[in-house]
Amino acid sequence: MYSCNVAVPGRVRRIAGDLYPHLASFADVREDHSICVKRLGDDEPYKTLADRARTVLADAPAFEVAVTGIDYFETPTDGTDPVVYLAVESPGLVQVHETLVEAFGALPGLEGEEYVPHVTLARDGEIADAERIAEREIEPVTWTVSELEFTDAHHDHAIGTIPLGQ
């Protein structure tokens with residue numbers, strides 16, 4: 001599965017690292033963090049998907065993203081629950097997501113109108129633990145996104161970029 005993601009800055013990774021001990025009761029704690037903008041599938045070769053995405057986003061501007069707090073999905077669309085995450089606010093990110101959805105289609109329950117930008121921290125634990133963690137406050141972090149990363153989920157690493165605002 002290929003996707004377009006936003007890399008998070010060190011300040012966001014530090015927040016996730018500071019929360020790590022509080023996530024010990026969850027079965028799956030993420031160590032790598034990013035924001036999934038759009039899953040592109042794996043029905044076509046990477047180069048074809050990348051070329052299509054670059055064409056679709058050729059005029060897309062850079063945009064601001066803010067991590068503003070901690071929240072959780074009690075019952076996520078896919079996978080084990082709950083999912084604890086860092087909440088993300090960004091009209092520009094949502095616009096880029098919508099542009100990619102128009103070009104590639106939406107995964108039901110995850111994308112389009114159901115899209116909730118976030119940075120996953122952990123999943124598969126107790127609701128009470130998710131509620132407790134979500135009550136914690138964090139210092140908001142804002143940054144400008146000037147490129148998206150193509151990620152190969154099978155190998156869990158970035159394999160290319162799309163520049164924005166060029």
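**Entry 1: terms and model**

I count as helices the DSSP runs of H or I with at least four residues, and as strands the runs of E with at least two, numbered from the N terminus. I note that the model is predicted.

**Entry 2: two backbone details in loops**

I looked up D124 and found it in the loop between strand 6 and helix 4 (127-134). Its phi is near 70°, a positive value in a residue that is not glycine. Buried means under 20% and exposed over 50%; D124 has 32% relative accessibility, so I wrote it down as partly exposed.

I then went to P82, which sits in the loop between strand 4 and strand 5 (83-89). The peptide bond that joins D81 and P82 is cis, and its omega is about -10°.

**Entry 3: salt bridges**

Side chains of opposite charge can pair when their charged atoms come close. How many salt bridges does a search of the whole structure find? The search finds four. I looked up three pairs in detail.

One is E111 with K38, at 2.6 Å from N to O. E111 belongs to the loop between helix 3 (91-104) and strand 6, while K38 belongs to strand 3. The two are 73 residues apart, and the pair links distant parts of the chain.

Are E111 and K38 buried or exposed? Both are buried. E111 has a relative accessible area of 2%, so it falls in the buried class. Leaving out neighbours within four places in sequence, I listed K38, R39, H97, V101, G105 and A106 as the contacts of E111. K38 thus appears among the contacts of E111 and as its salt-bridge partner.

Another pair is E44 with R52, at 2.5 Å from N to O. E44 has a relative accessible area of 26%, so it is partly exposed. R52 is partly exposed too, because its relative accessible area is 30%.

I also looked at D51 with K47, which meet at 3.0 Å, again N to O. They are four residues apart in helix 2 (residues 46-56), so about one helical turn separates them. D51 is partly exposed because its relative accessible area is 34%. K47 has 54% relative accessibility, so it counts as exposed.

**Entry 4: a charged residue without a partner**

I looked up D152 in strand 8 (residues 147-152). D152 is buried but has no salt bridge. Which side chain of opposite charge is nearest to D152? It is R39, and R39 is 12 Å away. A salt bridge needs a side-chain nitrogen of Lys or Arg within 4 Å of a carboxyl oxygen of Asp or Glu. Beyond four places in sequence, D152 touches M1, Y2, H157 and I159.

**Entry 5: E64 and L93**

E64 is in strand 4 (residues 63-73). Its relative accessibility is 47%, so I entered it as partly exposed. Not counting residues up to four places away, E64 is in contact with E89, S90, T142, W143 and T144. I also took a C-alpha to C-alpha distance: E64 and V119 are 15 Å apart in space and 55 residues apart in sequence.

L93 is in helix 3. Its relative accessibility is 0%, so L93 is buried. Apart from residues up to four places away in sequence, L93 touches V6, I35, V37, F63, V88, Y115 and P117. From L93 to P9 I noted 16 Å, C-alpha to C-alpha, with their positions 84 residues apart in sequence.

**Entry 6: the largest pocket**

I ended with the largest pocket, which holds about 1100 Å³ of space. It is lined by 35 residues, and those closest to its centre are R30, C36, R39, H118 and T120. R39 came up earlier as a contact of E111.

Which elements give two or more residues to the lining of the largest pocket? They are strand 1 (2-7), strand 3 (34-41), strand 6 (118-123), strand 8 and strand 9 (157-163). Strand 3 gives the largest share, five residues. Sorted by class, the lining has 14 nonpolar, 12 polar and nine charged residues.

Terms used:
Residues are numbered from 1 along each chain as its sequence is written. This is a predicted model: local features need pLDDT of at least 70, side-chain atom pairs count only at pLDDT 80 or more; totals for chains, interfaces and linings use all residues. Side-chain values use heavy atoms; hydrogens and water are left out. Buried means under 20% relative accessible area, exposed over 50%, partly exposed in between (1.4 Å probe, protein chains only). Lys and Arg count as positive and Asp and Glu as negative; His and the chain ends are not counted. Contact means heavy atoms within 4.5 Å. On a 1 Å grid over the protein atoms alone, a cavity is a set of points where a 1.4 Å probe fits but cannot get out, and a pocket is an open set with protein on both sides within 12 Å along at least five of seven lines; lining residues have an atom within 4 Å of a point. Grid points are joined across faces, edges and corners, and a volume is the space filled by probe spheres set on the points. Ala, Val, Leu, Ile, Met, Phe, Trp, Tyr, Cys and Pro count as nonpolar, Asp, Glu, Lys and Arg as charged, and the others, Gly among them, as polar.
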